[in-house]
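Thanks for making the time, everyone. Let me put the picture up, and then I'll talk you through it.

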Protein chains: 2
Amino acid sequence: MRSRADNSLAERKRQLVADELRDAALMLLATKGFDLVTVDDIVAAAGMSRRTFFRYFASKEDVVVRFLADTSADIITELAARPPAEPPSVALRHALWVPLAACNDHPEHSERARVVVRLILDTPALHARWLERQIEWRTELAAELANRRRLDPHTDPYPRMAAGMALLALDTVLQRWQPGDDEQHLAELMDQAFAVVAPALDAPAASPAAG
Amino acid sequence: MRSRADNSLAERKRQLVADELRDAALMLLATKGFDLVTVDDIVAAAGMSRRTFFRYFASKEDVVVRFLADTSADIITELAARPPAEPPSVALRHALWVPLAACNDHPEHSERARVVVRLILDTPALHARWLERQIEWRTELAAELANRRRLDPHTDPYPRMAAGMALLALDTVLQRWQPGDDEQHLAELMDQAFAVVAPALDAPAASPAAG
DNA sequence: CTATCGGTGGCACTGGGTGTCAAGTAGTGC
DNA sequence: GCACTACTTGACACCCAGTGCCACCGATAG
């Protein structure tokens with residue numbers, strides 16, 4: 001029995017089909033708008049059947065959101081790899097930078113990523129799915145933060161809120177991402193966003209009975 | 001021509017129909033789960049036609065989310081009514097308390113609100129719509145915060161992020177809302193959540209060139 | 001050559017959501 | 001009583017997203 005994650009011929013063929021569908025979908029959706037493109041339009045452009053599309057993507061939203069989410073899955077492992085003594089704001093800033101750095105590695109990929117970000121932020125249905133995905137990251141980041149500070153994630157609100165603030169910073173950067181921005185400008189936006197939340201991220205542990 | 005917001009007989013009849021649909025929907029959805037109940041089930045329980053349901057609610061999600069969102073619409077006016085000299089953390093805490101206070105005014109309403117909150121947090125589709133609604137509040141809160149501090153919301157990330165942190169605090173409270181909690185316990189949760197974000201909310205204005 | 005296995009397409013079906021139209025129900029003026 | 005108007009409702013047809021099912025096809029193993 002072959003694993004699903006190996007590099008066999010079958011697996012590469014699957015990846016090829018997925019890429020073809022994704023490219024056709026992103027091209028159509030970005031140009032014509034999300035709700036003006038049907039799945040039939042996408043599969044017609046990709047030369048495949050409607051049924052095949054749903055074997056590779058759970059929904060029409062999924063093909064868009066996953067394009068960004070896949071590159072963002074490494075933020076948790078990056079946070080876990082940061083030195084334990086590092087202040088939370090610094091560790092989180094490095095972790096959240098991973099997906100942006102991945103985008104900037106290839107300029108043409110970066111440009112398409114920016115267009116997809118715009119599409120997501122401007123389409124309510126996509127924005128909702130995007131936030132839904134962020135909820136998962138928030139939970140995982142919170143678990144890692146709780147582990148770092150030896151806090152109980154069920155009684156202490158800090159880990160979950162710190163993770164939420166970090167993702168809020170990412171959201172702010174994406175919101176302000178302009179067409180001409182290079183990697184350095186993106187880094188500046190990131191620094192500005194984290195400068196806002198850093199006082200809360202790095203604040204000493206609050207007294208539990210603050211009421 | 002009559003206004004849509006007046007208290008005419010026709011308007012009260014409309015409200016009656018909307019309440020009937022909402023009650024039937026919430027009862028079914030909360031007990032059987034969101035995706036195990038069809039719109040046909042709801043309208044059958046309410047004794048109305050499928051078409052009528054969609055005249056009163058934009059979607060199956062809408063009937064659930066609006067139940068909470070309607071009581072939460074006043075947070076912006078409350079923020080605008082707070083004294084200008086008040087620190088952002090205090091003003092926002094008071095604004096975000098409005099919907100929770102509205103819930104606690106009537107215990108039986110509060111109990112149903114808690115059940116609906118659970119339903120939303122546990123149903124991905126509903127959670128996504130809920131966050132989507134929060135984005136609107138964030139934008140309005142950000143505008144009000146920018147107005148308070150004489151900041152340009154297009155160049156300064158603070159207003160939008162401060163609004164996001166406040167909503168993050170609300171989310172944290174809702175997440176930790178337990179069956180037996182009275183108003184005082186809810187206030188404590190709120191204080192704990194705002195204690196985490198307060199250092200960022202009330203931090204002095206950062207230098208624009210923080211990169 | 002055949003059995004099997006993974007991928008594919010066709011097809012029917014459920015369910016959310018919309019446009020349209022005929023019918024019913026008030027209120028108003030005559 | 002009658003016509004006119006405004007508003008609401010239900011029924012029907014329709015579009016589209018998403019799923020279950022089955023037949024088919026190509027590659028590979030025996």
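I'll start with how the two protein chains meet and then turn to one of the DNA strands.

Some housekeeping. This is a predicted model, where local features need pLDDT of at least 70, side-chain atom pairs count only at pLDDT 80 or more, and totals for chains, interfaces and linings use all residues. Residues are numbered from 1 along each chain as its sequence is written, chains are lettered from A and ligands numbered from 1 in the order in which they are written, and side-chain values use heavy atoms, with hydrogens and water left out.

Okay, the protein interface. We have 35 residues of chain A in contact with 35 of chain B, contact being heavy atoms within 4.5 Å. Together the chains bury about 2,900 Å², with 70% of that on carbon and sulfur atoms; buried area is the accessible area (1.4 Å probe) that two parts lose on being put together, summed over both. On the chain A side, A:Met161, A:Leu168 and A:Val196 lose the most area to chain B, together 20% of what that side buries.

Which helices of chain A each supply at least two residues to that side? They are H8 (124–149), H9 (158–175) and H10 (183–201), where a helix is a DSSP run of H or I, at least four residues, numbered from the N terminus. H9(A) gives the most, with 10 residues.

As for salt bridges across this interface, the rule finds zero; that rule wants a side-chain nitrogen of Lys or Arg within 4 Å of a carboxyl oxygen of Asp or Glu.

Now, symmetry. Rotate chain A by 180 degrees, with 0.0 Å of shift along the axis, and it superposes on chain B with an RMSD of 0.1 Å. That's the relation of a two-fold axis. The fit is least squares on the C-alpha atoms of residues with pLDDT of at least 70 in both copies. The same surface serves both copies, as 100% of the contact residues of chain A recur in chain B.

On to the DNA. Of the 17 residues around strand D, A:Arg50, A:Arg51, A:Lys60, B:Thr52 and B:Arg55 come nearest, and near means a heavy atom within 4 Å. What does B:Arg55 reach with its side chain? A base oxygen of strand D, 2.5 Å from an N or O atom of that side chain. The side chain of B:Thr52 instead has an N or O atom 2.3 Å from a phosphate oxygen of strand D, and for B:Ser49 the phosphate oxygen distance is 3.1 Å.

How values were computed
A polar contact is a pair of N or O atoms within 3.5 Å; within protein, one must be able to donate a hydrogen and the other to accept it, and residues adjacent in sequence count only if both atoms are side-chain atoms.
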